[in-house]
Amino acid sequence: MIFKELGIIEPILKALSAEGYTQPTPIQEKSIPILMRRKDLIGCAQTGTGKTAAFAIPILQHLYLDPERNKGQRKIKALIVTPTRELAIQISESFTTYGKFTGIKNTVIFGGVKQGGQTDALRRGVDVLVATPGRLLDLMNQGFITLKDVEYFVLDEADHMLDMGFIHDIRKIIEKLPVKRQSLFFSATMPGEIIDLSRKIVGNAEKVTIAPEQTTAEKVEQSVYFVSKSGKPKLLVYLLQMKPAESTLVFSRTKHGADKIVKFLAKAGIPANAIHGNKSQNIRQKALGEFKSGQTTILVATDIAARGIDVEELSYVINYDLPNIPETYIHRIGRTGRASASGIAMSFCDTEERPYLRDIQKLIDQKIPIVAEHPFVDDGTEVITKAPPRPQRPRSQARSATSGAKTGANGKKAWSNAYSRGRR
Ligand code: AMP
């Protein structure tokens, strides 16, 4: 399948070709025809599948073909609401890229910065507005934005909107939208709460599901390093010194942890930047800019700050901490191995994180290969000192890698043996 077969107009085809895109990704192939027919859509897909273009292309096309276009002052005809500033910026950049030969104007608004630049852009007039919920409501309340002309509404990353507590904001935004509109609803996961929310937004929608297994987890070369908590800094330094200076995103579960990582890397002579919610928006943007341009090759991020990071050819993702929510693991490794390229993801796992590893493996339905040979393999001593007492298990299970129960001097061997024999 090529883009032309999807009925895409010439100015957009030209932009796609300039980006080097030849074939639509699965979500684009499935969603674009539905959206071209102006149907509502529920897309169950995560970032990294090409979902931005899947919704941006049809919206740009509808706007371009709108007979009202070029008549009078521009009105906000399309609204995209997304949870984070990084994601919002990235979506806006995608509209600019795919729409560069259409004359359609977009702008992006998000909180944490002064509003002057954003309100100036709004005053000049835009066709497409990309926004985070808080700033959108704020500028609506101040009278800078009206949603009365919106014909296309996209709610992006609905599950993260809920996680981040935006549900009330979303409800308020929906109330202000015209009833007659095309609505698109995207979420990586579809628990009951999300399905309820989708019912409030979309009408008689078609559903497109792109299973994570088909995308990230299969494409990315993954490995896990068993290491004690105290061995993690040494292992990180060791790996970063060993591998070529290519872009590497290191995930930390906490903001404080991210800062600590940057500090010990600096001590080891490895420059790195951190982005997380405690850093000002300007510093985050600067760190991201330096990383994107290749000026710095190592970025340490928390999950929220990293959402929407889209760096071409991101070579490595290192999970310094394993996430306790298995879906987060997929989001993280999805930073590498984007739509076409394959990537490498390495995860550190201490004894307390072994249950997380088990949950992740269950979700991706894969066993992540273990790197048994590295200088900081966990010898299991932390299990003795830190792990809470565990119920007695049969001997065969007690040696299994995710139970974390085997201890002692040759615990190292037991872990790797257990895995190489293919047990969980
Ligand atoms: P998204 O899921 O929208 O964040 O997109 C993931 C990445 O895939 C982005 O870097 C896009 O630029 C890229 N991309 C989107 N569509 C295509 C395509 N058809 N071919 C190649 N790359 C694409």
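Helices (H or I, at least four residues) and strands (E, at least two) in these legends are DSSP runs, numbered from the N terminus. Keep in mind that this is a predicted model: local features need pLDDT of at least 70, side-chain atom pairs count only at pLDDT 80 or more, and totals for chains, interfaces and linings use all residues. Residues are numbered from 1 along each chain as its sequence is written, and side-chain values use heavy atoms, with hydrogens and water left out.

**View 1. A parallel open sheet of seven strands, with helix H4 lying across part of it.** The strand order here is E3-E4-E2-E5-E6-E1-E7, where two strands pair if DSSP finds at least two bridges between them. At the edges sit E3 (106-109) and E7 (206-209), each pairing on one side only. From one strand to the next, the twist averages 15 degrees. Axes are lines fitted to C-alpha atoms, for helices over the stretch in contact, and angles run from 0 to 180 degrees between N-to-C directions. Look for E3 and its parallel neighbour E4 (residues 128-131), joined by four bridges; asparagine 106 has valine 128 of E4 as its bridge partner. H4 lies across E2 (78-81), E3 and E4, and runs at about 175 degrees to E3. Contact, here and below, means heavy atoms within 4.5 Å.

**View 2. The other open sheet view: six strands, again paired in parallel.** Follow the strands in the order E8-E13-E12-E9-E11-E10. E8 (221-226) and E10 (273-275) each have a single partner strand, so one side of each is left without a neighbour in the sheet. Here the twist averages 20 degrees from strand to strand. E12 (residues 316-319) and E13 (residues 344-349) pair over four bridges, and isoleucine 318 stands opposite methionine 346 in E13. Helix H15 (residues 326-333) lies across E8, E9 (248-251), E12 and E13, at about 150 degrees to E12. Helix H16 (residues 354-364) lies across E8 and E13, at about 160 degrees to E8.

**View 3. The ligand and the residues around it.** Which residues come nearest to the ligand? Of the 17 around it, they are Tyr21, Gln28, Gly48, Gly50 and Thr52; a residue is near a molecule if one of its heavy atoms lies within 4 Å of it. Zoom in on the polar contacts, pairs of N or O atoms within 3.5 Å. Glutamine 28 puts a polar side-chain atom 2.8 Å from a ligand nitrogen. On the oxygen side, a polar backbone atom of lysine 51 is 3.3 Å from a ligand oxygen, and a polar side-chain atom of threonine 52 lies 2.5 Å from an oxygen atom of the ligand. The protein covers 89% of the 490 Å² of accessible area that the ligand has on its own, using the Shrake-Rupley method with a 1.4 Å probe. H3 and H4 (85-98) are the elements that give two or more residues to the shell.

**View 4. Helix H1 packed against helix H3.** H1 (residues 10-18) meets H3 (residues 51-65) at an angle of about 145 degrees, with the axes 10 Å apart. From H1, the contact uses Pro11, Ile12 and Leu16; from H3, Ile57, Leu60, Gln61 and Tyr64.

**View 5. Two loop residues with positive phi.** Arginine 38, with phi near 65 degrees, sits in the loop between H2 (26-36) and E1 (41-44). Glutamate 157 has a phi of about 50 degrees and lies in the loop between E5 (152-155) and H7 (158-163).

Note on methods. A polar contact is a pair of N or O atoms within 3.5 Å; within protein, one must be able to donate a hydrogen and the other to accept it, and residues adjacent in sequence count only if both atoms are side-chain atoms.
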